[in-house]
Amino acid sequence: MKYFLAVDLGATSGRTVLSSWDGHRVVMREFTRFKNPQIPIMGHLFWNLPHLYNEVLTALRRVHEEDIQLSSIGIDTWGCDFAFFGQDGQLLGLPYCYRDSHTDGAVERFFHQHMPARELYERTGIQFMPFNSLFQLETLHRNGCVGLKEAEKILFIPDALTYMLTGKAVCEYTVLSTSQMLNPKTGDIDEALLAVLGLERKQFGPLVQPGHRAGTLTEQIQTATGLGAVPVVTVGGHDTASAVAAVPAEDGDYAYLSCGTWSLLGIESRHAIINDKSFEYNFTNEGGLDGTTRFLKNICGLWLFENCRKEFRDVPADVNELNALCHTSQFDGVIQPDDPLFAHPDSMTEAIRQFCRRTGQAEPQLPADFVRCIFRSLALRYRQIIEILDEMADFSIRRLHVIGGGSLNVHLMQWTADATGLPVIAGPAEGTALGNTLVQIRAAGGVDSLAEMRGIVARSVELKTYAPQHTAEWDKAYEHFLKIAK
């Protein structure tokens, strides 16, 4: 039996997952869980990277206490954000959070001052979002950020934690691909964009692929945890890359939806898709395993629900019971989930009401109205994006695989099947941690191919299929959604 530790960090919480591998199937156990709050300081939002690092050490100490012999450790996180390290190897301040408002207007400024939108898209194939690393770095450069000026190393969050654990700096391909700095034609950071930022390629560390052995725990960490020289392996450092590695697909005729705080909806392609349509629709090309490209669209997902839930009063504490309220409302209003109103509002319920007022719809009143509005709007947005994907894919999309925690939401899953007219295969819910683990197993010589990895998923987890019950009501709702989405 071999054991692997997956460090899986999201934008609201983190956890470590201990997995055992017997050569046939993976058994996962949530090992530790902890919060990952955004920290407001002097008008900005930051991540507490030392806190996350210390939580990893806590998990490693527990591994030692349970007398488990780890084969390796892998780290995945959200994309785009990064940390600065000085010549002495020390962290230069807390990393900025991608939801910080300092990049408001940064996309338009970049187009005006540095590079036209079409040229930037041709170079990177990445959708324009203000929190992309490129726009964050340009904003910090323009504002005279001291940490950036002094940085010897600029490392994306999974790479930063790998560096803190091993002393080895790397730049993992899949998380780099979220930055809007990777040129898919050259396979590395675009030199023209580095020149705009006044940065050097060497500051980001050497480019590595998922499955690379970055190093082993430093002697200091070995002493602090009681463990030996455990290898740290680069997995799909971007959590969606790890999650998509765990899609239990038997063929390629599918779309995937990584459903959580964000909804990431896309297809896998053997090459980047950069053309007039992908530019018009603002789709993105991110790196996957084995040279694949994750061609996808970022959708504001259950962030809408999570923030409304904080404001609800006198509702069930159990999230499943709260989700079920969607069937007790007759509210027919819908929202465009990706409207800027919902990026970082002071009140999500008021933002939804404001959108409904602006589009001439009735306003939701009860918690059930908000839940129904959010779930229906997400299902309809998924339909819209799948129709666009179908235009650009070189195959017909025949089913939708949903991975991540949102796959457990039976109401959203059925409505997604109904709205899209596609069968929805839900699971694994723990797709990111499982994909992280599978890359580690592969690096240890346990499997040879991505297809083998996906076969392990089918043997290791229970999946649920939702058959579409498509009705004229959904077509009517979709027509309404398309009108207000403009």
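A polar contact is a pair of N or O atoms within 3.5 Å, where, within protein, one atom must be able to donate a hydrogen and the other to accept it. Keep that definition at hand for the first stop, and remember throughout that the structure open in your viewer is a predicted model.

**First stop: Q180**

Select Q180, which you will find in the loop between α7 (173–176) and β10 (182–183). Show its side chain together with the backbone of I126, and you can see that the side chain of Q180 reaches the backbone oxygen of I126 at 2.7 Å. Is Q180 buried or exposed? Its relative accessible area is 0%, and because buried means under 20%, Q180 counts as buried. To see what surrounds Q180, display its contacts beyond the neighbours within four places in sequence, among them T124, Q127, N132 and L193. Before leaving, look at the backbone of Q180, where phi is positive, at about 65 degrees, although Q180 is not a glycine.

**Second stop: L120**

Now select L120, which is also on the list of residues that Q180 contacts, and which belongs to helix α3 (residues 117–124). With a relative accessible area of 0%, L120 is buried. Leaving out residues up to four places away in sequence, L120 touches several others, including F110, F111, M115 and L193. Add L193 to the selection and compare sequence with space: L120 and L193 are 73 residues apart along the chain, while their C-alpha atoms are separated by 8.8 Å.

**Third stop: two backbone features**

Most residues other than glycine have a negative phi, and most peptide bonds are trans. With that in mind, select C80 in the loop between β6 (70–76) and β7 (82–85), where phi is positive, at about 80 degrees, although C80 is not a glycine. The relative accessible area of C80 is 7%, so this residue is buried.

Then move to P428, placed in the loop between β20 (424–426) and α17, and look at the peptide bond leading into it. The bond from G427 to P428 is cis, with omega near 5 degrees.

**Fourth stop: helices α17 and α18**

From P428, continue to helix α17 (residues 431–443) and add helix α18 (residues 450–460), whose axes come within 10 Å of each other and cross at roughly 130 degrees. Angles of 65 to 115 degrees count as roughly perpendicular and those over 145 as roughly antiparallel, and α17 and α18 are therefore oblique to each other. The crossing of these two helices is right-handed. Which residues make the contact? On α17 they are L434, L438, V439 and R442, and on α18 they are L450, M453, I456 and V457. Colouring them by class shows seven nonpolar residues, no polar ones and one charged residue.

**Last stop: E350**

Finally, select E350 in helix α14 (residues 348–358). At 32% relative accessibility, E350 counts as partly exposed. Show the side chain of R357 as well, and you will find a polar contact of 2.8 Å between the side chains of E350 and R357. As a last comparison, add P364, which is 14 residues from E350 in sequence and 9.7 Å from E350 in space, C-alpha to C-alpha.

Notes
Residues are numbered from 1 along each chain as its sequence is written. This is a predicted model: local features need pLDDT of at least 70, side-chain atom pairs count only at pLDDT 80 or more; totals for chains, interfaces and linings use all residues. Side-chain values use heavy atoms; hydrogens and water are left out. Axes are lines fitted to C-alpha atoms, for helices over the stretch in contact, and angles run from 0 to 180 degrees between N-to-C directions. Helices (H or I, at least four residues) and strands (E, at least two) are DSSP runs, numbered from the N terminus. Angles under 35 degrees count as roughly parallel, over 145 as roughly antiparallel, 65 to 115 as roughly perpendicular and the rest as oblique. A crossing is left-handed if the near helix is turned anticlockwise from the far one by less than a right angle, and right-handed if clockwise. Contact means heavy atoms within 4.5 Å. Ala, Val, Leu, Ile, Met, Phe, Trp, Tyr, Cys and Pro count as nonpolar, Asp, Glu, Lys and Arg as charged, and the others, Gly among them, as polar. Buried means under 20% relative accessible area, exposed over 50%, partly exposed in between (1.4 Å probe, protein chains only).
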